[in-house]
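Student: I should like to go through this structure with you. Could we begin with the terms used for accessibility?

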Amino acid sequence: EISQEIIDYNNTSGHLDSNINLIQGDIHTYTTSEMYDLIIIDTIWSANEMTEEQWANIVTNLSSSLNIGGVIYSPILKKWVTL
């Protein structure tokens, strides 16, 4: 999530499981050394807001941060990648 205000709200509202981490950053440039089982890309309101090239770049950038069997998932695009 790019907005710290939204992250703060979600972290204090009580509706997210404590195992869910919201991370502040720009999905198109974000990098991390952390490893995840699931990365949810929920950055758009409709499928036409992200090009295939943008999706491919996100997958390339984040694939190295997935545990074996991990998934990158975009509910709006209805796309996922599993390692």
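Tutor: A residue counts as buried under 20% relative accessible area, as exposed over 50%, and as partly exposed in between. Please bear in mind that this is a predicted model.

Student: Then is Gln-4 buried, exposed or partly exposed?

Tutor: Gln-4 has a relative accessibility of 39%, which lies between the two cut-offs, so Gln-4 counts as partly exposed.

Student: And where is Gln-4 in the secondary structure?

Tutor: Gln-4 belongs to helix H1. In space, its C-alpha atom is 6.3 Å from that of Gln-24, although 20 residues separate Gln-4 and Gln-24 in sequence.

Student: Let us step back. How many helices and strands does the chain have?

Tutor: There are 2 helices and 3 strands. Along the sequence they follow the pattern α-β-α-β-β.

Student: How does the radius of gyration compare with the globule rule?

Tutor: For 83 residues the globule rule gives 12 Å, and the radius of gyration of the chain is 13 Å, which is close to it; the chain is therefore as compact as a globular protein of that length. Taken along the principal axes, the C-alpha atoms fill a box of roughly 35 × 30 × 20 Å.

Student: What share of the chain is buried, and what is the exposed area?

Tutor: Buried residues account for 23% of the 83 residues. The chain exposes about 5,900 Å², and carbon and sulfur atoms supply 52% of that area.

Student: What about contacts between residues far apart in sequence?

Tutor: Among contacts with a separation of 6 or more, 47% are between residues 24 or more positions apart.

Student: Can you give me an example from a strand? What does Val-71 touch?

Tutor: Val-71 is placed in strand S2. Setting aside neighbours within four places in sequence, Val-71 is in contact with Asp-37, Leu-38, Ile-39, Leu-66, Trp-80, Val-81 and Thr-82. By contrast, a separation of 19 Å is found between the C-alpha atoms of Val-71 and Ser-18, which are 53 residues apart along the chain.

Student: Turning to Tyr-36: is it buried or exposed?

Tutor: Tyr-36, in strand S1, counts as buried because its relative accessibility is 18%, under the 20% cut-off.

Student: Which residues does Tyr-36 contact?

Tutor: Leaving out neighbours within four places in sequence, the contacts of Tyr-36 are Asn-21, Ile-23, Ser-65, Leu-66 and Asn-67. For Tyr-36 and Tyr-73, which are 37 residues apart in sequence, the C-alpha distance is 12 Å.

Student: New topic, then: pockets. What is the volume of the largest pocket?

Tutor: The volume of the largest pocket is about 970 Å³. It is lined by 26 residues, of which Glu-1, Asn-21, Leu-22, Ile-23 and Ile-40 are the closest to its centre.

Student: Which elements supply the lining, and what is its make-up by class?

Tutor: Helix H1 (4-12) and strand S1 (36-40) each supply at least two residues of the lining. The largest share, 4 residues, comes from S1. By class, the lining has 14 nonpolar, 9 polar and 3 charged residues.

Student: Now the backbone. What is notable about phi of Lys-78?

Tutor: Most residues other than glycine have a negative phi. Lys-78 is not glycine, yet its phi is positive, near 55°. Lys-78 sits in the loop between strand S2 (66-74) and strand S3 (79-82). Its relative accessibility is 66%, over the 50% cut-off, so Lys-78 counts as exposed.

Student: Where is Asn-48, and is it buried or exposed?

Tutor: Asn-48 lies in the loop that joins S1 and helix H2 (52-62). With a relative accessible area of 68%, Asn-48 is exposed.

Student: And how far is Asn-48 from Leu-77?

Tutor: Their C-alpha atoms are separated by 8.6 Å, while Asn-48 and Leu-77 are 29 residues apart along the chain.

Note on methods
Residues are numbered from 1 along each chain as its sequence is written. This is a predicted model: local features need pLDDT of at least 70, side-chain atom pairs count only at pLDDT 80 or more; totals for chains, interfaces and linings use all residues. Side-chain values use heavy atoms; hydrogens and water are left out. On a 1 Å grid over the protein atoms alone, a cavity is a set of points where a 1.4 Å probe fits but cannot get out, and a pocket is an open set with protein on both sides within 12 Å along at least five of seven lines; lining residues have an atom within 4 Å of a point. Grid points are joined across faces, edges and corners, and a volume is the space filled by probe spheres set on the points. Ala, Val, Leu, Ile, Met, Phe, Trp, Tyr, Cys and Pro count as nonpolar, Asp, Glu, Lys and Arg as charged, and the others, Gly among them, as polar. The radius of gyration is taken over C-alpha atoms; the globule rule is 2.2 Å times the number of residues to the power 0.38. Buried means under 20% relative accessible area, exposed over 50%, partly exposed in between (1.4 Å probe, protein chains only). Contact means heavy atoms within 4.5 Å. Accessible areas come from the Shrake-Rupley method with a 1.4 Å probe; for residues, only the protein chains shown count as cover.
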